[in-house]
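Here are a few exercises to work through with the model open beside you. Try each task before you read its solution.

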Amino acid sequence: MTNTYVAVDIGASSGRLMLGQLHDGKLQLQEMHRFKNGFVKKDGHDRWQIDHLIEEIFKGLEKIKQAGYSKITLGIDTWAVDYVLVGHDGKKLQDPISYRDDRTSDSIAKLTSDLPKDYIYKKTGIQFLDFNTLYQLFEEDKELLAQTSKIMMIPDYIGYVLTGKAVTEVTNASTTQMLNLREGLFDHDLLKKVNVYPDQFPKLVDAGTVLGNLSTSWYQKYDLPQTEVITVATHDTASAVVGTPGIGQHWAYLSSGTWSLLGSELNVPENGIEAYRHNYTNEWGAYGTYRFLKNIMGLWIIQNVQKELPQAYSFAELVTLAQKEKPFQQYIDVNDSRFTNPANGMIKELQSYCQETQQTVPQTPGELAMAVYSNLSLYYANELEILGDILGYPLDSLNIVGGGSNVDLMNQLTATLAQIDVYAGPSEATAIGNLIVQMITQGDILNVYLARRLIIDSFNIKKFTPKSNNYSEQFDQYKRFLKEVKS
């Protein structure tokens, strides 16, 4: 009998339950339930509605039961760095604060005033982002921390609510910037700095650990299938990398969604001086790997532009409008922190940026979309050069997965700017990676290598080859522009 697997995949703007089965040597997917996600202002902070997310998971599981699936395996992945504080009674002390909240805007400078950045990087190998868990805990209410029995990352907390069992999965835990890269444990010096203790974190486990069955009490409240929960690679980027085809000898990946995560899968971490200088991270991956990557603002920018436009456009319509415009009419550092959560809206922030840098100001939906897509492509191409320099060998392909893999305009621009073959797809790599870890754990797939061959056989993957490099002059200008604005 064919086993049935379900991926709970929750991002910053939406979540879904994706059902997966193996049929005739191919992985087949079926979306069973989709729901919205987002933070709301509450008690002075931007907070996630964690109870809403859990309720939606149960709604999805009921739909799966109604569809005739009586026994399933379940895995959960979400975004990284955010956490839930759980009291001694086993209940959350408050709704978790979002990483986009402004409480940590100057926390790196404060924390590193007597704990040097190079010292932290040597310990953790993790890039400096002001919303890392390290800085969130640094700003956390000290009285609340004193009442805290357990600190749980978002997907670990959801798994805890479902099963009653608490763990800390390593791919997500590594994003805290508090795991010691060499020891594989939470670093005592860093924990002390933020007033937390090692025993406040549940035990560390690897992706592929069986967590347990749903608590029996949930079956009294909901009509649910028999469900065993497996702790997958709970950081959505870690799952996305597992779900990447890995085409090419020296391949890079770009997990292109709300965030763009561009990097390479390594067996040994790289935390030398060049990696530190360029702020690359060594997040832990599934099966003993490391996700050596750079965080880039990503489709968050165009998502907000779309929301703010007075007329409703689909993303496909925005791409069509963008194709009618010339690329590279302005240069934008898409990773500027001003685009993280602009108070006056993304469109005004983009326009103000161009005014301040004395460049052409995008006005129409097409101009705004092209400004975003062309500058993301420029940033990707520049980071591919840097990545190859750090690793010491040229990269021969870029595997783009996630929602951005559907943006042919951006994929072709990236291929031409970087003069590299681009393989786009699958768009559902995160859910696929989640399912694959479950399947490997249950013995339906032997290993990640064979899983990636399965992905190639199961999904349509587009190839974009570099065109004659008509944009080399613009690319050189952009690199000079970045140096100037970052200096």
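**Exercise 1: A helix with two sides**

E473, K483 and E484 are exposed, on the other side of helix α19 from its buried residues. Keep in mind that this is a predicted model.

Task: Find which residues of α19 are buried, and work out why they line one face of the helix.

Solution:
- Start with the helix itself: α19 covers residues 472-486, 15 residues in total. From first C-alpha to last it reaches 21 Å, close to the 21 Å expected at 1.5 Å a residue.
- Next, pick out the buried residues, which are F475, Y478, K479, F481 and L482.
- Now look down the axis: the buried residues of α19 fall within an arc of 160°, so they line one face of the helix.
- A general rule helps here: an α-helix has 3.6 residues a turn, so residues three or four places apart point the same way.
- Finally, see what this face meets: the buried residues of α19 pack against α14 (346-356), α15 and α16 (408-418).

**Exercise 2: Into the core**

Task: Say which helix gives the most to the largest nonpolar core, and list the contacts of Y373.

Solution:
- The largest nonpolar core holds 140 residues, and Y373 is among those with the most contacts inside it, along with L61, L137, Y157, I158, L162 and L350.
- Helix α15 (residues 365-391) gives the most to this core, with 16 residues.
- Leaving aside neighbours within four places in sequence, Y373 touches L299, I302, F315, V319, A322, V407, L409 and M410.
- There is also a second, separate core of 24 residues, including M18, A233, V242 and M439.

**Exercise 3: From hairpin to helix**

Task: Follow the chain from strand β4 through β5 and on to the end of helix α1, noting where phi is positive.

Solution:
- Strands β4 (residues 39-42) and β5 (residues 45-48) run antiparallel and are joined by four bridges. K42 stands opposite H45 in β5.
- Two residues lie between the strands of this hairpin, and D43 takes a positive phi near 55°.
- Helix α1 spans residues 50-66; its 17 residues should span 24 Å at 1.5 Å a residue, and its end C-alpha atoms are 25 Å apart, which agrees.
- Among the buried residues of α1 are I50, L53, E56, F58 and L61.
- Just after α1, G68 has a positive phi of about 105°.

**Exercise 4: The whole chain**

Task: Check the radius of gyration against that of a compact globule.

Solution:
- With 487 residues, a compact globule would be near 23 Å; the protein chain has 22 Å, which agrees.
- Of these residues, 61% count as buried.

Definitions and conventions. Residues are numbered from 1 along each chain as its sequence is written. This is a predicted model: local features need pLDDT of at least 70, side-chain atom pairs count only at pLDDT 80 or more; totals for chains, interfaces and linings use all residues. Side-chain values use heavy atoms; hydrogens and water are left out. A nonpolar core is a set of buried Ala, Val, Leu, Ile, Met, Phe, Trp, Tyr and Cys residues joined through side-chain atoms within 4.5 Å. Buried means under 20% relative accessible area, exposed over 50%, partly exposed in between (1.4 Å probe, protein chains only). Contact means heavy atoms within 4.5 Å. The expected span of a helix is 1.5 Å times one less than its number of residues. Two strands pair if DSSP finds at least two bridges between them. The arc is that of the directions from the helix axis to the C-beta atoms. The radius of gyration is taken over C-alpha atoms; the globule rule is 2.2 Å times the number of residues to the power 0.38.
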